[in-house]
Amino acid sequence: MTMESGTAAAPPELIQLLTPEGERLDHPDYPLELSTDDIKGMYRDLVLVRRIDTEAIALQRQGELGIWASLLGQEAAQIGSGRALGPSDMAFPTYREHGVAWCRGIDPMQLLELYRGVSHGGWNPEEHKFHLYTIVIGSQTLHATGYAMGIQRDGSDEAVIVYFGDGATSQGDVNEAFVWASVFNTPVVFFCQNNQWAISEPLERQSRIPLYKRALGFGFPGIRVDGNDVLACYAVTKKAMQAAREGQGPTLIEAYTYRMGAHTTTDDPTRYRLASDLEAWKLKDPIERVRAYLIRNGQADPDFFADLEAEADKVGATIREACRTMPDPPPLAIFENVYTEDNPILRAERDQFAAYLESFTGEGAGR
């Protein structure tokens, strides 16, 4: 059913299938049949992705990463939508979709390589059907729309999903992507993780109406889902992706959630938001509600949770060790994979930098 959530001042209507207390709800438009193993699998994803995030934050604080963009509080939106994708669907992320990356089979260390500054991305987008992280706010929506137009012309039965935040909805690129996707009826799902804060700017600085209602002005449907409900995120995304594959065009999904941590490790959220808001959202924790559901329905025993905690500890230890021992790339590797083909300007810059490096040792250190 459609539930109300959010702050007391402005409780939004949204699709919810699992309450914060772990009670299962039905919705006529989003019937969902998942086995116990399916739900336990999602719970495992949520726990391990949060552990990866926690370890990455600690590694940044210890000087092992240059920066990190946390997903704390947004795990359900990412795992739910990520698990709803078909094997041939393409995902276009921002720089925070670590949960979706996990669902697409990306080794977490490849994410850390990027934030450590030792690779340009580290994975093959086509192999994983997961594009490279995008730092420029909102630009990936145009990439995704263009890709969707391409596969549409190829006659493919694939669909595309693109992730962005509430702040990105104010960018021209996002609105242009909406126009093109609508006019050409492209098979793309726009997945907005509305975590309430675009760095230090609150949601009310982005829109005077709920974000999902913007879709109507562009001529396609918009839906608001409880972004802390992994089951609802899964069901809503699955239906929207299927609609895209069937030629029904784009959908905007607004996953209403909350960024429980900092925007990045360079940010201090205590300077611009109230601690009481954070405490209120902790009661809607995406992991705790699945745990409550499993316990109240007798679908998981203490051994399951103990084994998962041990697995999370092992994942954390593996990540810490791998990050600290990660080799630095050769200095000239920065010029690799910049263009598909070599060109005179790139060669001149590479040769100049190589000569500069050799001036320190005389032994061709950069080569």
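A residue counts as buried when its relative accessible area is under 20%. By that cut-off Q196 is buried in this predicted model, because its relative accessibility comes to just 11%. Q196 sits in the loop between β5 (188–194) and β6 (197–198). Its backbone is a bit out of the ordinary too: most residues other than glycine have a negative phi. Q196, which is not a glycine, has a positive phi of about 80 degrees.

A little further along, I199 does something similar. Its phi is positive as well, near 60 degrees, and I199 is again a residue other than glycine. I199 belongs to the loop between β6 and β7 (201–202). Where Q196 is buried, I199 is partly exposed, since its relative accessible area is 44%.

Next comes a charged residue tucked away from the surface. R273 lies in the loop between β9 (251–256) and α10 (275–282). The residue is buried, yet no salt bridge goes with it. D267 is the nearest side chain of opposite charge, and it is 6.8 Å away. A salt bridge needs a side-chain nitrogen of Lys or Arg within 4 Å of a carboxyl oxygen of Asp or Glu, so at 6.8 Å D267 does not make one with R273. What the R273 side chain does reach is the backbone oxygen of G261, at 3.1 Å. Leaving aside residues up to four places away in sequence, R273 touches W197, Y258, R259, M260, G261 and L278. One of these contacts, W197, falls within β6 (197–198), the strand that follows the loop holding Q196.

Aromatic rings turn up in pairs as well: a search of the whole structure finds 23 aromatic pairs. Take F304 and F305, whose ring centres are 5.2 Å apart with the planes at 75 degrees, so this pair is edge-to-face. Both partners are buried: F304 has a relative accessibility of 17%, and F305 has a relative accessible area of 10%. Elsewhere, W68, Y115, W123, F130 and Y133 come together as one aromatic cluster.

Some rings also have a lysine for company. F304, besides pairing with F305, has K40 over its face, at 4.8 Å from the ring centre. At Y30, the charged end of K239 takes up a place over the ring, 4.9 Å from its centre.

Conventions
Residues are numbered from 1 along each chain as its sequence is written. This is a predicted model: local features need pLDDT of at least 70, side-chain atom pairs count only at pLDDT 80 or more; totals for chains, interfaces and linings use all residues. Side-chain values use heavy atoms; hydrogens and water are left out. Rings of Phe, Tyr and Trp (its six-membered ring) pair if their centres lie within 6.5 Å; planes under 30 degrees apart count as stacked, over 60 as edge-to-face and the rest as tilted. Buried means under 20% relative accessible area, exposed over 50%, partly exposed in between (1.4 Å probe, protein chains only). A charge sits over a ring if NZ of Lys or CZ of Arg is within 6 Å of the ring centre and within 35 degrees of the ring normal. Helices (H or I, at least four residues) and strands (E, at least two) are DSSP runs, numbered from the N terminus. Lys and Arg count as positive and Asp and Glu as negative; His and the chain ends are not counted. A polar contact is a pair of N or O atoms within 3.5 Å; within protein, one must be able to donate a hydrogen and the other to accept it, and residues adjacent in sequence count only if both atoms are side-chain atoms. Contact means heavy atoms within 4.5 Å.
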